[in-house]
Amino acid sequence: MTWYLLLIGLVCAERLAELVTARRHRAWSLARGGVEYGSGHYPAMVALHTALLAGCVVEPLAAGRPFVPAVGWSALAVALAAQVLRWWCIRTLGPRWNTRVVVVPGLPLVASGPYRLLPHPNYVAVVLEGVALPLVHTAWLTALGFTVLNLALLRVRVRCEDAALAVAARPAAPASVPAPATGAAG
């Protein structure tokens, strides 16, 4: 169990690194006219992800869940792959990546890295990790509960993000519209 607790501790540290990165990226975006969308669902997302990490620790301890090698090692491989995908997304988006939905109007959509393959690869990483991380130590109730709640939350999040990107992609209206000409041309 010690190595599993260390794994969860490392994931917690990774989440803190994400938050520091997101804060820096948010400032970058706002300085360039970025607009935040959907801030109302953000606290629920933070609470759900915090509950995932807590459940990963509490369930195996409280329920006496054993480490089942066939499940645990497979789940660990998936959880690690999810981390690789997450950081590939962060690296690909650069300062445009955030834990919040902040869009800088006028910037083109990113179509490189994992975004050339999937429309929302970071959320694929979240789903994979939400199932796999608890199953490393057979915390199946945590995996199930997080997955159900996360799918509901992602439904809201993806709609919010898609709408924000659609608004940002619209061409800007001209600053002023010239008045129609009156009279005959010369």
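Reader: In this predicted model, in which crossing, left-handed or right-handed, does H1 pass H2?

Author: The crossing in which H1 passes H2 is left-handed. The model itself is predicted.

Reader: What makes H1 roughly antiparallel to H2?

Author: Helix H1, residues 2-31, packs with helix H2, residues 42-63, at an angle of about 165°, and their axes lie 9 Å apart. Angles over 145 degrees count as roughly antiparallel, and therefore H1 is described as roughly antiparallel to H2.

Reader: Which residues of H1 and H2 meet?

Author: From H1 come Tyr4, Leu5, Ile8, Val11, Cys12, Arg15 and Leu19; from H2 come Tyr42, His49, Leu53, Cys56, Val57 and Pro60. The residues of this contact of H1 with H2 comprise 11 nonpolar, 1 polar and 1 charged.

Reader: How do you know that cysteine 56 is in no disulfide?

Author: A disulfide requires two cysteine sulfur atoms within 2.5 Å. For cysteine 56 the nearest cysteine sulfur belongs to cysteine 12 and is 8.9 Å away, so the criterion is not met. By this rule the count of disulfides is 0.

Reader: What of cysteine 160, which is likewise in no disulfide?

Author: Its nearest cysteine sulfur, that of cysteine 89, is 18 Å away, whereas the rule asks for a pair within 2.5 Å.

Reader: Why are cysteine 56 and cysteine 160 called buried?

Author: Buried means under 20% relative accessible area. Cysteine 56 has a relative accessibility of 0% and therefore counts as buried. Cysteine 160 has a relative accessible area of 15%, so cysteine 160 is buried too.

Methods
Residues numbered from 1 in each chain as written. Predicted model: local features only at pLDDT ≥ 70, side-chain atom pairs only at ≥ 80, totals over all residues. Heavy atoms only, no water. Axes fitted to C-alpha atoms, helices over the stretch in contact; angles between N-to-C directions. Helix = DSSP H or I, 4+ residues; strand = E, 2+ residues; numbered from the N terminus. Parallel < 35°, antiparallel > 145°, perpendicular 65-115°, else oblique. Left-handed = near helix turned anticlockwise from the far one by under 90°. Contact = heavy atoms within 4.5 Å. Nonpolar A, V, L, I, M, F, W, Y, C, P; charged D, E, K, R; others polar. Buried < 20%, exposed > 50% of the residue type's maximum accessible area, 1.4 Å probe, protein only.
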